[in-house]
Amino acid sequence: MNDSTPPRPERLVLMNPGPVITDDRVRAALAGPDMCHREPEFSDLLTRVRHKTTLAAGGDERHTSVVLTGSGTAAVEAAVSSAVPRDGALLVIDNGHYGERFQHIADAHGIRAHRLRLGWATPVDPAAVDRALAADPGLTHVGVVHHETSSGMLNDVAAVTRIAHAHGREVVVDAVSSIGAEHIGLAEDGIDWLAGSANKCLEGAPGLGFVSAARTAFEGLADAPRRSYYLDLHRHYTAQEKAQAPAFTPGIPAFYAFDEALDLALAEGREARHARYSALAGRLRDGLEALGLEILLPPGQRAASLTAVRIPAGTGYRELHRGLRAEGFVIYSAQEQLAADFFRLSTMGRMTEGDIDRFLATLARTLPARSDH
C-alpha cells in the first residue's frame with residue numbers, strides 16, 4: 001500500500017445520487033450461488049423480480065415490467081427507441097441535464113424531436129406543453145424526467161400525462177431517480193412507459209434498469225421499428241414474458257440483490273420511504289442553512305432525495321470533495337452550467353440521522369478555514 005494513500009474511513013457515506021448505501025442483506029445477496037441463466041432457478045428469480053418491480057412502479061394486473069442488465073440510461077433509451085413509431089416524434093421537456101438526455105437519445109436513433117427548452121431548474125409549464133402538442137400533431141410521445149437530478153427538481157409528471165393524454169399522446173417518464181421514494185405510479189398517474197433503475201431509491205445494487213408499462217403496450221411493440229438490437233423492448237418482453245427467460249446473459253448477482261432490495265422496499269412502503277428520505281433531507285437542509293449555505297431550489301420544488309447547494313466562497317468543488325472524502329463523505333459535483341457554482345448531496349439509501357449530523361459537523365469544521373480567505 002502506498003504510504004500517501006489516506007486510510008479508508010470506517011463508514012463511507014455515499015451522498016452521491018446512486019449508487020447508494022445498501023442494506024447489509026442486499027450486499028449479502030450479491031454473494032448468491034453461481035447460476036446458469038437458462039435454468040429454472042433463474043427463471044423463477046426473473047419472474048419474482050419482474051412482479052415486484054411492477055408493484056414498486058405502482059402497477060396492477062394490467063401492467064408488467066421488463067428488467068434489463070444496464071443502467072437507468074439503458075432503460076430510458078430502450079423505452080424511447082422502442083416505443084416511438086416509425087412516423088412518430090418526441091416532445092422533449094428539457095429543464096435540466098436528464099431532460100436534455102431525451103433529445104440526445106432521439107438524435108442517436110434518428111427520431112424526430114421537438115425540444116421544449118424551459119431552462120435548468122425551471123418548473124415545467126403545463127401550458128407550454130399543451131401549446132407544443134397542439135402545434136405539432138406529429139408528436140406522438142412526450143419525454144419527461146420525474147426527478148431532474150441535475151438540480152434536485154421534482155417535475156409534475158401527473159400534469160404532463162393529463163395534458164398528453166388529452167391530445168392522444170403517450171408519455172415516457174424517466175423515473176430513474178424517483179421510483180421507490182417519490183409519489184409516482186403507473187396506475188395512479190396513467191403513465192404509459194416508466195423507466196427506472198435498481199440502484200437509487202429502490203436501494204439495490206448497480207447494474208439493472210427496467211421499463212414498466214401496460215402488457216398491451218408491450219404487445220403493441222410487435223410491429224414497432226427495431227432501432228436497437230440489445231435495447232429492443234419487444235425482444236426482451238417476448239423472452240421474459242413468453243419464455244420466462246432473459247434475451248441475453250443477465251447480471252445475475254445484481255438480480256439477487258434487487259430481489260432482496262425489492263422485498264425491503266415493498267415492506268417499508270413508498271410512503272414510509274418518502275417520509276424517511278424527507279426527514280433526512282429536512283435535517284440536512286436545516287443544517288446547511290444554519291451554516292449560511294444557499295440551496296438552489298425553493299422548498300416546494302425539491303425532491304426528497306437530493307439537495308443542490310451553492311459552493312461557499314473561498315473554496316472550490318475539488319477542494320471540498322477532497323476534504324470531505326478524507327472524513328468519510330462522498331459528495332457529488334453539479335453538472336454542466338451548474339458545475340461552477342453548485343454541488344449536490346443525496347439522502348438516498350440507508351443513510352442515518354447520525355450520518356447527517358456527522359456530515360454537518362465535518363462540513364462546519366471544513367468551511368471556516370476556507371470561507372475567511
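Let's start with strand β14, residues 342–346, which is mostly covered: five of its five residues are buried. Keep in mind as you look around that this is a predicted model. In a regular strand the side chains alternate between the two faces of the sheet. For β14, Phe342, Arg344 and Ser346 sit on one side, with Phe343 and Leu345 on the other, and both faces are covered.

Now for the strands that pair with β14. Strand β11, residues 306–310, runs antiparallel to β14 and is joined to it by five bridges. If you want a spot to pick out that pairing, look at Arg310, whose bridge partner in β14 is Phe342. Strand β13, residues 332–333, also pairs with β14 in the antiparallel sense, here over two bridges. Tyr332 has Arg344 of β14 as its bridge partner.

Next, hop over to helix α2, which spans residues 40–56 and is home to Arg50. Is Arg50 buried or exposed? Arg50 counts as buried because its relative accessible area is 7%, below the 20% cut-off. Its side chain reaches the backbone oxygen of Ser65 at 2.6 Å. Setting aside neighbours within four places in sequence, Arg50 is in contact with Thr64, Ser65 and Val67, and also with Tyr237, Gln240 and Glu241.

Last stop, the cysteines. A disulfide is a covalent bond between the sulfur atoms of two cysteines. How many disulfides does the model have? With a pair of sulfur atoms needing to be within 2.5 Å, the count comes to zero. As for the surroundings, Cys201 is buried, with a relative accessible area of 1%, whereas Cys36 is partly exposed at 38%.

Conventions:
Residues numbered from 1 in each chain as written. Predicted model: local features only at pLDDT ≥ 70, side-chain atom pairs only at ≥ 80, totals over all residues. Heavy atoms only, no water. Buried < 20%, exposed > 50% of the residue type's maximum accessible area, 1.4 Å probe, protein only. Helix = DSSP H or I, 4+ residues; strand = E, 2+ residues; numbered from the N terminus. Pairing = 2+ DSSP bridges. Polar contact = N/O pair within 3.5 Å; in protein donor to acceptor, adjacent residues only side chain to side chain. Contact = heavy atoms within 4.5 Å.
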